[in-house]
Amino acid sequence: MKSLRITRVSRRPGRRRVSETIARKIKGQISAHQLRPGEKLPAEREMAQRCKTSRVSVREAYRSLEELGLLTIRRGAEGGAFVADVDHSPLRRSLSLMLHLGKTTHEEITEARLLIEPPIAQLAARRARPEDLERLLDVVRRQETALDRRGDFSPFDLQFHRSVAECARNLPLKVLMDSLSDLTVEVVSGLDLSIGVQHKVCEHHRRIADAIQRHDEDAAFKLMLHHVADVQARLGRTLTEQHRAAKLGVGDRRVARA
């Protein structure tokens, strides 16, 4: 609580403006890491005294920050307003939903992945820390094990690309990558991928992970570019076959051949 530094706000502004000023200052301190997750903010009465304003304005400020997911408000004797451990999942889901409702095409997803994922892999090779690499390589090992046992390797496919984005340590890129992965997996889930294709995907992942582990930025970029282009091309061909088969009444599933 010592790190919170909010003094009085300007005199006689409207109540809404006062609450927005308080909320903006708290958001600024959270962004600057002066307020940490779990830290308790002053009670409404104390904050109102500091800001020379009413408790109502403070309450509105706290509630607006709660709606944004920046604060958690607990009731009871041990309650109060606490800085939340920010969860970006709602933002990712909102972006995925927006893209889905916008009827994003396979071609648009391909363009986006080709523009975004190779630079993410390059940043991952530059910035990955030992703990990042450990998580990434563990995902690859589990995917290979699942494939050897003829299990479902698709969850690890999604997890691999998200792990690469985590290695890049860039939040906006990670959110974009997560949303694109959601859309891609939605398409892939409707396909029967041959064992040959699955082995090729695992091989690509292993080579990309090795390049990131070596901090070889150029190799990571080129390998991811080749991998995304190959996967999206296969998906495109398979989707075209499915549409053709549907028109002919031949069935609704095709196998992507290696």
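Okay, let's start by walking along the chain: from the N terminus on, the elements run α-α-α-β-β-α-α-α-α-α-β-α-α-β. Counted up, that comes to 10 helices and four strands. One thing to keep in mind throughout: this is a predicted model.

Some overall figures before we zoom in. The protein chain has 258 residues, and 41% of them count as buried. And if you take the contacts with a separation of 6 or more, 71% of them involve residues 24 or more positions apart. You'll see one example of a contact like that later on.

Let's begin with helix α3, residues 55-67. How far apart should the ends of its 13 residues be? At 1.5 Å a residue, α3 should span 18 Å, and its end C-alpha atoms are indeed 18 Å apart, so the two agree. Now, which residues of α3 are buried? They are Ser 57, Val 58, Ala 61, Tyr 62 and Leu 65. If you look down the axis of α3, those buried residues fall within an arc of 135 degrees, so they line one face of the helix. Just after α3 comes Gly 69, with a positive phi near 85 degrees.

What does α3 do with the helix before it? Helix α2, residues 44-51, packs with α3 at an angle of about 110 degrees, and their axes are 8 Å apart. An angle from 65 to 115 degrees counts as roughly perpendicular, and therefore that's what we call α2 and α3. On the α2 side, the contact is made by Glu 44, Arg 45, Met 47 and Ala 48, and on the α3 side by Arg 55, Val 58, Arg 59 and Tyr 62. Notice Val 58 and Tyr 62 there: both were on our list of buried residues in α3. As for handedness, the crossing of α2 and α3 is right-handed.

Between those two helices there's a loop, and Lys 52 sits in it. Lys 52 has a positive phi of about 55 degrees, although it is not a glycine. Is Lys 52 buried or exposed? Its relative accessibility is 59%, and since anything over 50% counts as exposed, Lys 52 is exposed.

Now jump along to helix α6, residues 130-148. We can do the ruler check again: its 19 residues at 1.5 Å each should span 27 Å, and the end C-alpha atoms are 27 Å apart, so that agrees too. The buried residues of α6 include Leu 133, Leu 136, Leu 137, Val 139 and Val 140, and also Asp 132 and Gln 143. What do the buried residues of α6 pack against? They pack against α5, α7 and α9. Right after α6 we get Arg 150, whose phi is positive, near 55 degrees.

Let's take the α7 partner first. The axes of α6 and α7 come within 9 Å and cross at roughly 165 degrees. That makes α6 roughly antiparallel to α7, and the crossing is left-handed. Among the α6 residues that meet α7 are Leu 136, Val 139, Val 140 and Gln 143, and on the α7 side we find, among others, Phe 156, Phe 160, Ser 163 and Val 164.

But α7 has another neighbour to show you, helix α9, residues 195-213. Here the angle is about 20 degrees, with the axes 12 Å apart. That makes α7 roughly parallel to α9. This crossing is left-handed as well. In α7 the residues involved are Asp 157, Phe 160, His 161 and Val 164, and they meet Val 201, His 205, Ile 208, Ala 209 and Ile 212 in α9.

Keep going past α7 and you hit the loop between α7 and α8, which is where Arg 169 is found. Its phi is near 55 degrees, a positive value in a residue other than glycine. Arg 169 is partly exposed, with a relative accessible area of 35%.

Last stop: Leu 173, in helix α8, residues 171-188. Leaving aside neighbours within four places in sequence, Leu 173 is in contact with Ile 116, Ile 120 and Leu 123. Its C-alpha atom is also separated by 8.9 Å from that of Glu 117, even though the two residues are 56 apart along the chain. That's me done, thanks!

Terms used:
Residues are numbered from 1 along each chain as its sequence is written. This is a predicted model: local features need pLDDT of at least 70, side-chain atom pairs count only at pLDDT 80 or more; totals for chains, interfaces and linings use all residues. Side-chain values use heavy atoms; hydrogens and water are left out. The expected span of a helix is 1.5 Å times one less than its number of residues. Buried means under 20% relative accessible area, exposed over 50%, partly exposed in between (1.4 Å probe, protein chains only). The arc is that of the directions from the helix axis to the C-beta atoms. Contact means heavy atoms within 4.5 Å. Axes are lines fitted to C-alpha atoms, for helices over the stretch in contact, and angles run from 0 to 180 degrees between N-to-C directions. Angles under 35 degrees count as roughly parallel, over 145 as roughly antiparallel, 65 to 115 as roughly perpendicular and the rest as oblique. A crossing is left-handed if the near helix is turned anticlockwise from the far one by less than a right angle, and right-handed if clockwise.
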